[in-house]
Amino acid sequence: MLFLNPYIKDEDLDFYNTVKEFAKEKILPSVEQRDEDCTWDNELWKEMGSIGLLGIPIPEEYGGQGGNCFQCCLAQEAFNAGSLDSGFGLSWGAHMIIGSLPILFQGTEIQKNKYLPKLVNGEWIAGLGLTEPDSGSDAAGMRTYAEKTKDGFVLNGSKTFITNGPIGQVFIIMARTTKSRGPMGISAFIVESKNKGFSVSKVLKN
């Protein structure tokens, strides 16, 4: 790919080409078959983790690369150019940006140390639970409610069209903690797929 931007350095080009070649060699050969069979290859995912792609914006202290927004965008562009697999790329983006970064930016140190290393190395897959059957672009209309108990919170509700929903282990779930404050009454919770009451109904197909 030809870059005309004078601010793109040689090391950026090297990074772009490395990611593109990885995607072309590892992801592209099986893209049609995986798409036809509606299957997920967790070994490919873990291989992405082993070379640092799953933790580009995560600090090194949690196992990541300590990269910036530009490097995330560059990697995504290179990956999609090499793999021709927008589905895998979308899972990666959701995992890295809207699944992992909320924990980095807003999580406690205990939460960061518990989740980020496993999200970076590919052991766990993350996602964001925002959209609901009756509230898509109108996120403030969500009905999922978090009730405070002596042990924490109990969440009740349904989400839909959640990227990585059928394959993820860790989700940032948005839920109301108060019904009287509109969008200001919505909070984010880290929910593991192994938690009691968590279920995935079905995989949606075209």
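## Where the two domains meet

Put domain 1 and domain 2 together and they bury about 1,000 Å² between them, with 71% of that on carbon and sulfur atoms. On the domain 1 side, Ile 98, Tyr 115 and Trp 124 supply 38% of the area buried against domain 2, more than any other three residues. Keep in mind that this is a predicted model.

The domain assignment gives residues 9–124 to domain 1 and residues 127–192 to domain 2. Their C-alpha centres lie 25 Å apart. Here is how the contact between them adds up:

| Item between domain 1 and domain 2 | Value |
|---|---|
| Domain 1 residues in contact with domain 2 | 15 residues |
| Domain 2 residues in contact with domain 1 | 10 residues |
| Salt bridges | 1 salt bridge |
| Polar contacts (both at pLDDT 80 or more) | 3 residue pairs |

Two elements give two or more residues to the side of domain 1 that touches domain 2: helix 5 (86–106) and helix 6 (109–120). Helix 5 brings the largest share, 8 residues.

As for charged pairs, Lys 114 forms a salt bridge with Glu 192, and their closest N and O atoms are 3.0 Å apart.

Now for Arg 176, which sits in strand 4 (residues 170–176). What is the nearest side chain of opposite charge to Arg 176? That's Asp 138, 7.2 Å away, and Arg 176 has no salt bridge even though it is buried. Leaving aside residues up to four places away in sequence, Arg 176 touches a set of residues including Met 142, Thr 144, Tyr 145 and Ile 186. Gly 141, Gly 182 and Gly 185 are also among the residues that Arg 176 touches.

Note on methods. Residues numbered from 1 in each chain as written. Predicted model: local features only at pLDDT ≥ 70, side-chain atom pairs only at ≥ 80, totals over all residues. Heavy atoms only, no water. Helix = DSSP H or I, 4+ residues; strand = E, 2+ residues; numbered from the N terminus. Buried < 20%, exposed > 50% of the residue type's maximum accessible area, 1.4 Å probe, protein only. Lys, Arg positive; Asp, Glu negative; His and termini not counted. Salt bridge = Lys/Arg side-chain N within 4 Å of Asp/Glu carboxyl O. Contact = heavy atoms within 4.5 Å. Domains from an automatic or database assignment. Buried area = accessible area lost by both parts, 1.4 Å probe. Polar contact = N/O pair within 3.5 Å; in protein donor to acceptor, adjacent residues only side chain to side chain.
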